[in-house]
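Good morning, everyone, and thank you for making time for this. Please have a look at the chain on the screen, and then I will go through it piece by piece.

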Amino acid sequence: MVSRDIAMVLNRTLTKFDAASLVLLISFFIVSRVYAESLDVLYIGNSLTFVNGMPKMVAAIAESDNVQLNYKVHAPGGAKFSDHAVNKNLLKTIKSKRWDVVVLQEQSQMLALGKKKLQVAVYPYVKALVRAIHSSSANTKIVFYMTMARRNGDAYNAQFYPEV
């Protein structure tokens with residue numbers, strides 16, 4: 001039974017994952033139900049995307065439901081959407097095939113910088129990535145992988161963005 005298999009995997013890994021990772025795993029389980037035999041997934045992010053072997057664990061969960069999850073990871077440490085949007089190798093990878101799912105993960109501090117900063121430093125780049133993804137395949141599902149917030153805020157950036 002699939003739900004029992006997922007529960008066993010999650011029970012073993014909850015100490016390694018935050019709540020956002022759990023949501024991502026469940027999202028892939030739901031998406032995998034739509035596809036008969038396989039999923040091609042591209043992960044775009046940074047070290048938080050591949051820490052603890054998260055893509056491999058998602059693939060194992062898909063496999064427990066008889067879905068072959070083929071994945072590629074583009075996740076240089078500390079990378080932001082602004083880095084990804086101009087990375088020629090990544091843009092070539094996006095266009096290289098019709099991805100079923102693309103997972104996008106922003107650098108963790110960026111999303112805490114306030115609305116005005118987001119409008120300049122995040123939104124234009126994520127829109128560029130989405131356009132690139134959908135120009136390759138309009139049917140690609142995009143999943144935003146939201147990482148954890150810092151327990152006591154971001155002391156470094158608080159001096160520049162008091163609302164943080």
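Which residues does T49 touch, not counting residues up to four places away in sequence? Before I answer, please keep in mind that this is a predicted model, so I will come to its confidence values before the rest of the fold. T49 is found in helix α3, which covers residues 47–50, and the residues it touches are Y43, I44, M54, P55, A75, Q105 and Y145. T49 counts as buried because its relative accessible area is 1%, and the cut-off for that word is under 20%.

Now to confidence. The chain averages a pLDDT of 79, and 70% of the residues score at least 70. Confidence is lowest in helix α1, residues 2–13, where the mean is 44, and highest in helix α6, residues 88–95, where it is 98. Over residues 1–17 the pLDDT stays under 50, and for that stretch the model has 17 contacts beyond four places in sequence.

Let me turn to the sheet. It is an open sheet of four strands in the order β2-β1-β3-β4, with parallel pairing. The edge strands are β2 and β4, each of which pairs on one side only, and the twist averages 20° from one strand to the next. Helix α4, residues 54–64, packs on this sheet and touches β1 and β2, with its direction making about 170° with that of β2. Helix α8 also packs on the sheet, touching β3 and β4, and its direction makes about 170° with that of β3.

Going strand by strand, β1 and β3 pair in the parallel sense over four bridges, and in that pairing V41 has V101 of β3 as its bridge partner, while I44 stands opposite L104 in β3. On the other side, β3 pairs with strand β4, residues 141–144, again in the parallel sense and over four bridges, and here the bridge partner of V102 is I142 in β4. And which way do the side chains of β3 point? In this strand, residues 101–104, V101 and V103 point one way, V102 and L104 point the other way, and all are buried.

That brings me back to helix α6. Its buried residues are L90, T93 and I94, and because they cover an arc of only 100° around the axis, they lie on the same side of α6. The face turned away from that buried side carries the exposed residues K88, N89, K92 and K95. As for what the buried residues of α6 pack against, the partners are β1 (38–44), β2 (68–74), α5 (81–84) and α8 (123–136). At the start of α6, a side-chain oxygen of N87 reaches to within 3.0 Å of the backbone nitrogen of N89.

One last residue, this time in helix α8, is A128. Is A128 buried or exposed? The answer lies in between, because its relative accessible area is 26% and A128 is therefore partly exposed. Its C-alpha atom and that of V86 are separated by 9.0 Å, although these two residues are 42 residues apart along the chain.

If you take one caution away, let it be the stretch over residues 1–17, where pLDDT stays under 50.

Notes:
Residues are numbered from 1 along each chain as its sequence is written. This is a predicted model: local features need pLDDT of at least 70, side-chain atom pairs count only at pLDDT 80 or more; totals for chains, interfaces and linings use all residues. Side-chain values use heavy atoms; hydrogens and water are left out. pLDDT is the predictor's confidence in each residue, from 0 to 100. Helices (H or I, at least four residues) and strands (E, at least two) are DSSP runs, numbered from the N terminus. Contact means heavy atoms within 4.5 Å. Buried means under 20% relative accessible area, exposed over 50%, partly exposed in between (1.4 Å probe, protein chains only). The arc is that of the directions from the helix axis to the C-beta atoms. A polar contact is a pair of N or O atoms within 3.5 Å; within protein, one must be able to donate a hydrogen and the other to accept it, and residues adjacent in sequence count only if both atoms are side-chain atoms. Two strands pair if DSSP finds at least two bridges between them. Axes are lines fitted to C-alpha atoms, for helices over the stretch in contact, and angles run from 0 to 180 degrees between N-to-C directions.
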